[in-house]
Amino acid sequence: MKKIVVKGLAWVSVPFLWIGETAVLLFGRKLTEEECKTAKRLRVKSPEKVRVLCLGRGNAVGGVTLHRGIALFRRRDIGGDHTLDAYLKHELVHVGQYERLGGRAAFLQEYYDQIFGYVWQVRGEGKGRSHGLSCDFFLGYINAPLEIEARKLSGTRIPRYDC
Ligand SMILES: [Zn+2]
């Protein structure tokens with residue numbers, strides 16, 4: 001059952017991911033030579049195909065990787081302690097994961113499987129391990145091996161979240 005839900009969600013997400021990716025590829029910048037070298041070290045096979053789009057202002061940084069498009073968000077309202085450079089590295093690890101796993105659908109399937117796997121486990125067993133749905137998802141997200149790898153290789157820390 002979980003496998004079917006995860007697979008379905010991944011396929012439903014692909015067109016949305018593709019739309020976002022297309023926007024980043026159109027409006028984003030290429031990686032600099034230095035960033036390309038960093039990307040190679042972070043296991044990205046084709047750094048020349050990556051584009052980066054920075055949005056917003058402020059010190060706090062967040063990001064999302066849409067296959068080969070990296071969107072970085074700067075925000076004013078939260079006290080972030082990551083530099084743009086650190087967060088770019090984190091997202092580059094995700095680009096490498098997309099490549100390694102075989103593209104958009106394969107990555108999403110694995111990513112959702114890791115997050116939902118956790119949520120499914122703590123809620124399904126009903127042994128009082130659930131911390132509420134949004135916290136369960138947050139814990140699933142920070143404990144997903146793909147996120148652990150990205151944090152480890154980039155040196156970024158777990159984002160703050162009140163659970
Ligand atoms: Zn991440």
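Below is a short chat about the predicted model shown above.

Q: Before we start, what kind of model is this?
A: It's a predicted model, where local features need pLDDT of at least 70, side-chain atom pairs count only at pLDDT 80 or more, and totals for chains, interfaces and linings use all residues. Residues are numbered from 1 along each chain as its sequence is written.

Q: Cool. How many helices and strands are in the chain?
A: There are 6 helices and 4 strands. Both are DSSP runs numbered from the N terminus, with helices being H or I of at least four residues and strands being E of at least two.

Q: And what pattern do they follow along the sequence?
A: Reading along, you get α-β-α-β-β-β-α-α-α-α.

Q: Which strand does β1 pair with?
A: β1 (residues 29–30) pairs with β2 (residues 51–56) in the antiparallel sense, over 2 bridges. Two strands count as paired if DSSP finds at least two bridges between them. In this pair, K30 stands opposite R51.

Q: What about β2 and β4, parallel or antiparallel?
A: Those two run parallel, joined by 6 bridges, with β4 covering residues 69–75. Here V52 stands opposite I70 in β4.

Q: Switching to helices: how far apart are the end C-alpha atoms of α4?
A: They're 28 Å apart, which agrees with the 30 Å that the 21 residues (104–124) should span at 1.5 Å a residue. The expected span is 1.5 Å times one less than the number of residues.

Q: Which residues of α4 are buried?
A: R104, F107, L108, Q109, E110, Y111, Y112, D113 and I115. Buried means 20 or more other C-beta atoms lie within 10 Å of the residue's own, exposed means 12 or fewer, and partly exposed is in between; the C-beta atoms are placed from the backbone.

Q: What covers them?
A: The cover includes α1 (2–27), α3 (84–101), α5 (133–143) and α6 (145–154).

Q: Why does Y87 count as buried?
A: Because Y87 has 22 C-beta neighbours inside 10 Å. Y87 lies in helix α3.

Q: OK, whole chain now. What's its radius of gyration?
A: The chain has 16 Å, which agrees with the value near 15 Å for a compact globule of 163 residues. That radius is taken over C-alpha atoms, and the globule rule is 2.2 Å times the number of residues to the power 0.38.

Q: And what box do the C-alpha atoms fill?
A: Roughly 50 × 35 × 25 Å, taken along the principal axes.

Q: Last one: how much of the chain is buried?
A: Buried residues make up 31% of the 163.

Methods: Two residues are in contact if their C-beta atoms, placed from the backbone, lie within 7 Å.
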